[in-house]
Number of protein chains: 2
Amino acid sequence: MNTIIEYQQLVEKVLSAKKYGSNPKELYEPINYIMSLGGKRLRPVLVFIGCDFFNGDLDKALNPAIAIELFHNFTLVHDDIMDKAPLRRNKPTVHEKWNDNIAILSGDAMIVCAYQELCKSDVSILPKLLEVFSDTAIKVCEGQQLDMNYETTQKVSIIQYVKMIELKTAVLLGGALKIGAIIGGASDGDAKQLYDFGKNIGLAFQLQDDILDVYADATKFGKQKGGDIIANKKTYLLLKAIELAEGNRYMKEELHQWINAPQFDAAEKVEAITNIYNFLNIRELARMEMKKYYDIAIALIENIKVDEMKKRNLISFADSLMLREV
Amino acid sequence: MNTIIEYQQLVEKVLSAKKYGSNPKELYEPINYIMSLGGKRLRPVLVFIGCDFFNGDLDKALNPAIAIELFHNFTLVHDDIMDKAPLRRNKPTVHEKWNDNIAILSGDAMIVCAYQELCKSDVSILPKLLEVFSDTAIKVCEGQQLDMNYETTQKVSIIQYVKMIELKTAVLLGGALKIGAIIGGASDGDAKQLYDFGKNIGLAFQLQDDILDVYADATKFGKQKGGDIIANKKTYLLLKAIELAEGNRYMKEELHQWINAPQFDAAEKVEAITNIYNFLNIRELARMEMKKYYDIAIALIENIKVDEMKKRNLISFADSLMLREV
């Protein structure tokens, strides 16, 4: 059993030794670029954790871990085009550094490369791995489409929002763990429990993201604080505030004025909406919602019959995701 | 053994019975739309032919045939965004009918669906099928990137051009046949021969496309005649004309004037460049180049030990592609 830091180091080592073709360079440079930008490497680490949870051979998890990270980065490249995002991890996005066409095409190549990495696995488990991988991939596409739809949907319920983040974000954490579990030789039932654990932790993780956007310590947070507020992003916080403001005409009007303002001072908007959140106790409500999914996740782990130490390690990893400040 | 028409009917029957999810509809409607637009269904037919060539069970070729057609249509959806093409088979392209983001994302979902279809195959041949499929897919991406690069490259050699169309177009015909061959139980050697046959027929096919753009019977041709000329597309015909015009100052100047003209009458340009082609005997030279790849393909077939009737059938299919008028 390794620590999370050790797993992250292993991911970096494997990724830095990996090259993805060279010719034509316009196709492959963006892949090498985005894959070298770093990040928490959460998903490949989860592949390792899932594998080790059942005492599997970590060597067999290396290529699938790369596959999962390639897939995740493919979604980032394409999502950034759709969102017209200029920056990713404080560096220019692929479509900014090159152009939209190159970003579309190198993204396409990345998903094929991801399948190629996954297909290096033993044929005895390959169909299962492919099933989880494709099923997860298609759900991530569905989640991204829902996210785009909700940008222009007037009324989005919290149930719809949670379903969207489940598809867009949470299932990939579940899928990464399940792929690891299959490599580790888990029973179908245990692999499913670990998938559901990952999915629920993923929901909690995204809710934590929503909270951090508003309440992170600005000195530690790597992104623009209040970015979601400025962009009217329908996060749990905003949707809950809209719901609660229904009963308070003054607050409802102020909230909708800010949401619908064609021009505004960004800092002023962030402050005003944060004040509304504070008044409505939104941070605590979001934290409780996050805790709900966290608790479901933890309960799922308890059902799996593995060494207690493994469970404690996984839970402390989940805790570190919940307590993170960036 | 079936006729080509029967194979095409089988493809249409299988495709029309197939649905690709429904929710969110913005993700799946474009997939159902593009897959229903028809076309020659050349690639899935080649999967059937490859399978039948070795007396394989056509039922086992159904899902891989869908996979190949899904992949081909995925490339069309993304290529059409990159080319800003308004029409595909006389209907609005996906990004025109919906928007760029939906076209990117539904294309992404299509490649995942393609893998899902392929993965329904027997595990005994799955790794081989996946290897051919991914290898082909990555080459198609490389070919599309080269095609984009060549749009802004001043000098493109005919060797470079042929390599580009090999990657962008020809390998997928080879890959479709090889996937069929593997399902049919071909030896590795025979499957490779059939792949190379398909690749060379693919090259001949694309050269025929280049010729038809200029010399098709306008009453039968479904596209704008001379479209490649108007767009300065670096086809075999144009590259050969540029090469041959080197030795004729007057012709070289006239050719480059038309190529570099910022404004022009389309019909006039098509007529002028066609006249240059005629003077330089480009049509015949292109036909000879096409014949070269056709002959290589036919010779490859002769090496495979299967029933003579199968060979005759495959060759007559190749002939129909060469003699086509659209």
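A residue counts as buried if 20 or more other C-beta atoms lie within 10 Å of its own, as exposed if 12 or fewer do, and as partly exposed in between. Keep that handy for the exercises below, and keep in mind that this is a predicted model.

**Exercise 1. Work out how well covered helix α9 of chain A is, and then place D188(A).**

Step 1: Start with the helix itself. α9(A) has 28 residues and reaches 40 Å from its first C-alpha to its last, close to the 40 Å expected at 1.5 Å a residue.

Step 2: Apply the burial cut-off. Of the 28 residues in α9(A), 21 are buried, so the helix is mostly covered.

Step 3: Now zoom in on D188(A), which sits in α9(A), residues 188-215. D188(A) has 11 other C-beta atoms within 10 Å, so it is exposed.

Step 4: Check a long-range distance. D188(A) and I276(A) are 88 residues apart along the chain, and their C-alpha atoms are separated by 46 Å.

**Exercise 2. Describe how α2 and α6 of chain A pack, and say which residues make the contact.**

Step 1: Recall what you need. Two packed helices are described by the angle between their axes and the distance between the axes.

Step 2: Fill in the values. Helix α2(A), residues 25-35, meets helix α6(A), residues 100-118, at an angle of about 70 degrees, and the axes are 9 Å apart. That angle makes α2(A) roughly perpendicular to α6(A), because 65 to 115 degrees counts as roughly perpendicular.

Step 3: List the players. α2(A) brings E26(A), L27(A), P30(A) and I31(A), while α6(A) brings I102(A), A103(A), L105(A), S106(A), A109(A) and M110(A).

Step 4: Sort them by class. The contact of α2(A) with α6(A) has eight nonpolar residues, one polar and one charged.

**Exercise 3. Characterise the side of chain A that touches chain B.**

Step 1: Get the head count. In contact with each other are 31 residues of chain A and 31 residues of chain B.

Step 2: Find the helices involved. On the chain A side, α2, α4 (62-82), α6 and α7 (126-151) each supply at least two residues.

Step 3: Pick out the main contributor. α7(A) gives the largest share, 14 residues.

Step 4: Look at the chemistry. The residues on this side of chain A divide into 20 nonpolar, seven polar and four charged.

**Exercise 4. Decide which residues of α13(B) are buried, and where they sit around the helix.**

Step 1: Set up the helix. α13(B) runs over residues 266-279, has 14 residues and spans 20 Å from first C-alpha to last, close to the 20 Å expected at 1.5 Å a residue.

Step 2: Pull out the buried set, which is V270(B), I273(B), I276(B) and Y277(B).

Step 3: Look down the axis. The buried residues of α13(B) fall within an arc of 125 degrees, so they line one face of the helix. On the other side, A267(B), E268(B), E271(B) and N275(B) are exposed.

Step 4: Ask what the buried residues pack against. The partners in chain B are α9 (188-215), α10 (227-230), α11 (236-245), α12 (249-260) and α14 (282-302).

Step 5: Check what follows. Just after α13(B), N281(B) takes a positive phi of about 65 degrees.

**Exercise 5. Compare the surroundings of F54(B) and N55(B) in the loop between α3 and α4 of chain B.**

Step 1: Start with F54(B), in the loop between α3 (42-53) and α4 (62-83). F54(B) has 21 C-beta neighbours inside 10 Å, so it counts as buried.

Step 2: Identify its contacts. Leaving out residues up to four places away in sequence, F54(B) touches A181(B), G184(B), G185(B), A186(B) and V306(B). F54(B) and A181(B) are 127 residues apart in sequence, yet 6.6 Å apart C-alpha to C-alpha.

Step 3: Turn to N55(B), also placed in the loop between α3 and α4. N55(B) has 13 other C-beta atoms within 10 Å, so it is partly exposed. Its phi is near 60 degrees, a positive value in a residue other than glycine.

**Exercise 6. Track down some unusual backbone geometry, starting with the peptide bond between N23(A) and P24(A).**

Step 1: Know the background. Most residues other than glycine have a negative phi, and most peptide bonds are trans.

Step 2: Inspect omega. A cis peptide bond, with omega about 0 degrees, joins N23(A) to P24(A). P24(A) is in the loop between α1 (4-16) and α2 of chain A.

Step 3: Repeat for chain B. N23(B) and P24(B) are joined by a cis peptide bond, with omega about 0 degrees, and P24(B) lies in the loop between α1 (4-16) and α2 (25-35) of chain B.

Step 4: Inspect phi. N232(A) has a positive phi near 55 degrees, and N232(A) lies in the loop between α10 (227-230) and α11 (236-245) of chain A. With 15 C-beta neighbours inside 10 Å, N232(A) counts as partly exposed.

How values were computed. Residues are numbered from 1 along each chain as its sequence is written. Chains are lettered from A and ligands numbered from 1 in the order in which they are written. This is a predicted model: local features need pLDDT of at least 70, side-chain atom pairs count only at pLDDT 80 or more; totals for chains, interfaces and linings use all residues. Axes are lines fitted to C-alpha atoms, for helices over the stretch in contact, and angles run from 0 to 180 degrees between N-to-C directions. Helices (H or I, at least four residues) and strands (E, at least two) are DSSP runs, numbered from the N terminus. Angles under 35 degrees count as roughly parallel, over 145 as roughly antiparallel, 65 to 115 as roughly perpendicular and the rest as oblique. Two residues are in contact if their C-beta atoms, placed from the backbone, lie within 7 Å. Ala, Val, Leu, Ile, Met, Phe, Trp, Tyr, Cys and Pro count as nonpolar, Asp, Glu, Lys and Arg as charged, and the others, Gly among them, as polar. The expected span of a helix is 1.5 Å times one less than its number of residues. The arc is that of the directions from the helix axis to the C-beta atoms.
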